[in-house]
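Here is a protein model for a first reading. Please look it over before the questions begin.

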Amino acid sequence: MLVSAKEMLQKAKAGHYAVGQFNINNLEWTKAILLTAQENNSPVILGVSEGAGKYMAGYKTVVGMVNGMLEELNITVPVALHLDHGSYEGCLKCVEAGFSSIMYDGSHSPIDENVANTKKLVEICAEHGMSLEAEVGSIGGEEDGVVGMGECADPQECKRIADLGIDFLAAGIGNIHGKYPANWKGLSFETLDAVQQLTGDMPLVLHGGTGIPTDMIQKAISLGVAKINVNTECQLAFAAATREYIEAGKDQQGKGFDPRKLLAPGFDAIKATVKEKMEIFGSINKA
Ligand code: G3H
Ligand code: ZN
């Protein structure tokens, strides 16, 4: 059954590794990520953006699909189902739908509004045994129409939000959703260290995991990051593998057009990407 992400992230922070949040986009993504986590004995967080939730026919559909897979695939590693970059209303819908974790992304609002809404959700999540992520300092790039500037969080604002009783915190440190531009200046480890100094044992979250070099990932983990989000990299791997299959004309050979065959190379590419990230994050055999 689903678990909150609280315990797995506290364990990761204490053990100096990170748990991957891999965003799901459909059945194939969900199955690929769950099987990879089980095969590698790794905890995992399935992330669902509001746009992906809508695409997959609603949060209740997602919950039913994930719970069904946990049972049918005999998944025994810790799995959290987590709303990613949720609005306040989206958070309430996911609580009602049966998610085990939510992110309230109040980073685009004035800090007092972020604090007020986060405070309300802390109480709601406590009542439901769910974990809660909050964000300060918007993540750069664009995801599901949410465009962030990639600003660095104010460590004092991070402390204000952390002190509300959330379970883990996403602090903007110059990270960006999607592909990183060639002129990207890198992560602000100075900001991350300042945030960790003020938030203590709070597991920190690194969004925009696609394309961040391994040495930066490992330095971020050493400075308190215990959850790392990845979406674009799996999408790019899926697209490349599918393109290769079609350009080789395999969709026109025999029953190659069967979606169970057509989607297989992309499925395998997601699995390979997720496993590679779990190795870099250090979560293998940590279930
Ligand atoms: O919240 C989701 C992640 O931050 C996705 O980031 O698409 O750059 O890997 P990414
Ligand atoms: Zn994100």
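What follows is a short set of questions and answers on this model.

This is a predicted model, in which local features need pLDDT of at least 70 and side-chain atom pairs count only at pLDDT 80 or more, while totals for chains, interfaces and linings use all residues. Residues are numbered from 1 along each chain as its sequence is written, chains are lettered from A and ligands numbered from 1 in the order in which they are written, and side-chain values use heavy atoms, with hydrogens and water left out.

Me: In what order do the strands of the closed barrel run?
Reply: Strands here are DSSP runs of E with at least two residues, and helices are runs of H or I with at least four, both numbered from the N terminus. Two strands pair if DSSP finds at least two bridges between them. The barrel has eight strands with parallel pairing, in the order E1-E2-E3-E4-E5-E8-E9-E10.

Me: Which residue in E2 stands opposite Phe 22?
Reply: Phe 22 belongs to strand E1. Strand E1 (residues 19-23) pairs with strand E2 (residues 44-49) in the parallel sense over three bridges. The residue opposite Phe 22 in E2 is Leu 46.

Me: Is Phe 22 buried or exposed?
Reply: Contact means heavy atoms within 4.5 Å. Leaving out residues up to four places away in sequence, Phe 22 touches several residues, including Ile 33, Val 230 and Phe 281. Buried means under 20% relative accessible area, exposed over 50% and partly exposed in between, with a 1.4 Å probe and protein chains only. Phe 22 has a relative accessible area of 0%, so Phe 22 is buried.

Me: Which residues are the protein donors of the zinc ion (ligand 2)?
Reply: Donors are N, O and S atoms within 2.8 Å of the metal (3.2 Å for Na, K and Ca); water is not among the atoms, so sites may look incomplete. Along the chain the donors follow the spacing H-x91-H-x29-H. They lie 2.0 to 2.1 Å from the ion and are His 85 (NE2), His 177 (NE2) and His 207 (ND1).

Me: Why is Cys 125 too far from Cys 91 for a bond?
Reply: A disulfide is a pair of cysteine sulfur atoms within 2.5 Å. By this rule the count of disulfides is zero. Cys 91 holds the cysteine sulfur closest to that of Cys 125, and the two are too far apart for a bond because the distance is 7.2 Å.
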